[in-house]
Amino acid sequence: MDKAEQKMRFLYALRSKGVTDTRVLAAMESIDRGLFVRGIFADRAYEDVPLPIACGQTISQPSVVALMTQALEVSPRDKVLEVGTGSGYQAAILSQLARRVYTVDRHKRLVREADAVFKALDLANITAFAADGSFGLPDQAPFDRIILTAAAEDPPGPLLAQLRIGGIMVLPVGQSDAVQSLIKVTRGESGLEYEELRPVRFVPLVEGLVQD
Ligand code: SAH
């Protein structure tokens with residue numbers, strides 16, 4: 001299969017899973033997932049499957065990345081926080097839609113490797129930090145949008161506190177070894193609203209920084 005056909009199938013798979021937002025589809029088309037998957041799995045980068053990355057983590061399934069991005073309703077003025085940089089792929093997609101993206105991971109090695117890809121692609125509006133993302137980034141708060149790509153049992157309080165009024169947070173919640181739910185939290189003038197989107201499966205949100 002040649003590159004063009006691979007790309008056509010990739011975009012078709014996204015549409016058939018319910019990705020209809022043209023800005024999200026354009027971002028998925030412009031960022032090459034192949035640059036974020038290394039080693040023996042690299043040739044499967046254009047399939048709609050999650051794949052292993054370093055540090056025992058996973059790069060999410062492209063259709064899940066796209067559906068979460070769509071649910072986040074990112075506008076070009078938004079400042080976005082992502083918890084769980086992993087390969088950097090989700091942050092790269094967000095960088096096409098937002099003004100500024102902050103992304104944090106507890107594994108220093110993943111942040112280092114993702115940052116090298118951001119630099120190579122000249123994605124200058126992404127800042128990556130090694131940190132325990134459960135506490136958010138108080139210095140950069142508040143955020144218009146927050147996305148977690150690791151599952152918490154409940155939405156972490158510090159992250160809810162760093163969500164601006166009118167802001168949206170999308171995250172998987174539930175036990176790590178069970179099916180989790182993708183949740184959309186909206187902060188209105190009078191409080192938080194919760195909407196359950198779909199069942200998902202993510203690696204767990206874990207405490208503490210890893211110096212690797
Ligand atoms: N968004 C990624 C996939 C992330 S996998 C991508 O596009 O490739 C989930 C990531 O969350 C893992 O890299 C894991 O190290 C990270 N993680 C888990 N708990 C965390 C925490 N408390 N703070 C920051 N990152 C965390």
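Colleague: When I look for hollows on the surface of this model, which residues line the second largest pocket?

Modeller: Lys3, Gln6, Lys7, Phe10, Met28, Glu29, Ser30, Ile31, Asp32, Arg33 and Tyr46 form that lining, and please keep in mind throughout that this is a predicted model. As a general idea, rolling a probe the size of a water molecule over the atoms shows where empty space is left. In this case the second largest pocket holds about 160 Å³ of space.

Colleague: Which element gives the most to the lining of the second largest pocket, and how do its residues divide by class?

Modeller: Helix 1 (3–16) and helix 2 (22–30) each supply at least two residues of that lining, and helix 1 gives the most, with four residues. By class, the lining has five charged, four nonpolar and two polar residues.

Colleague: Turning to the largest pocket, how much space lies in it, and which residues are closest to its centre?

Modeller: About 580 Å³ of space lies in the largest pocket. It is lined by 37 residues, of which Thr58, Thr149, Ala150, Phe202 and Val203 are the closest to the centre. When the lining is sorted by class, 17 of its residues are nonpolar, 14 are polar and six are charged.

Colleague: Which elements should I trace along the chain to follow the lining of the largest pocket?

Modeller: At least two residues of the lining come from each of strand 2, helix 3 (62–72), strand 3, helix 4, strand 4 and strand 9 (191–200), and strand 9 gives the most, with three residues.

Colleague: Where does the ligand sit, and which elements give two or more residues to the shell around it?

Modeller: The ligand sits in the largest pocket. Two or more residues of the shell around the ligand come from each of strand 2 (58–59), strand 3 (79–83), helix 4 (89–95) and strand 4 (100–105). In total 27 residues surround the ligand, and the closest are Ser87, Asp105, Asp132, Gly133 and Val206. The shell consists of twelve polar, eleven nonpolar and four charged residues.

Colleague: How should I read the polar atoms around the ligand, and what distance separates a nitrogen atom of the ligand from the side chain of Glu82?

Modeller: The cut-off to hold in mind is that a pair of N or O atoms within 3.5 Å counts as a polar contact. A nitrogen atom of the ligand lies 3.0 Å from an N or O atom in the side chain of Glu82, while an oxygen atom of the ligand is 2.6 Å from an N or O atom in the side chain of Ser87. For Asp105, a polar side-chain atom is 2.7 Å from an oxygen atom of the ligand. Taken alone the ligand exposes 580 Å², and the protein buries 99% of that area.

Colleague: And for the backbone, is the peptide bond from Ala141 to Pro142 cis or trans, and which residue other than glycine has a positive phi near 65°?

Modeller: The bond from Ala141 to Pro142 is cis, with omega near 0°, and Pro142 belongs to the loop between strand 5 (126–130) and strand 6 (143–148). The positive phi, near 65°, is that of Cys55, which is found in the loop between strand 1 (51–52) and strand 2.

Definitions and conventions
Residues numbered from 1 in each chain as written. Predicted model: local features only at pLDDT ≥ 70, side-chain atom pairs only at ≥ 80, totals over all residues. Heavy atoms only, no water. Near = heavy atom within 4 Å. Polar contact = N/O pair within 3.5 Å; in protein donor to acceptor, adjacent residues only side chain to side chain. Areas by Shrake-Rupley, 256 points an atom, 1.4 Å probe, with all protein chains shown as cover. 1 Å grid on protein atoms, 1.4 Å probe; cavity = no way out; pocket = protein on both sides within 12 Å on 5 of 7 lines; lining within 4 Å. Sits in = over half its atoms within 2 Å of the grid points. Nonpolar A, V, L, I, M, F, W, Y, C, P; charged D, E, K, R; others polar. Points joined across faces, edges and corners; volume = space filled by probe spheres on them.
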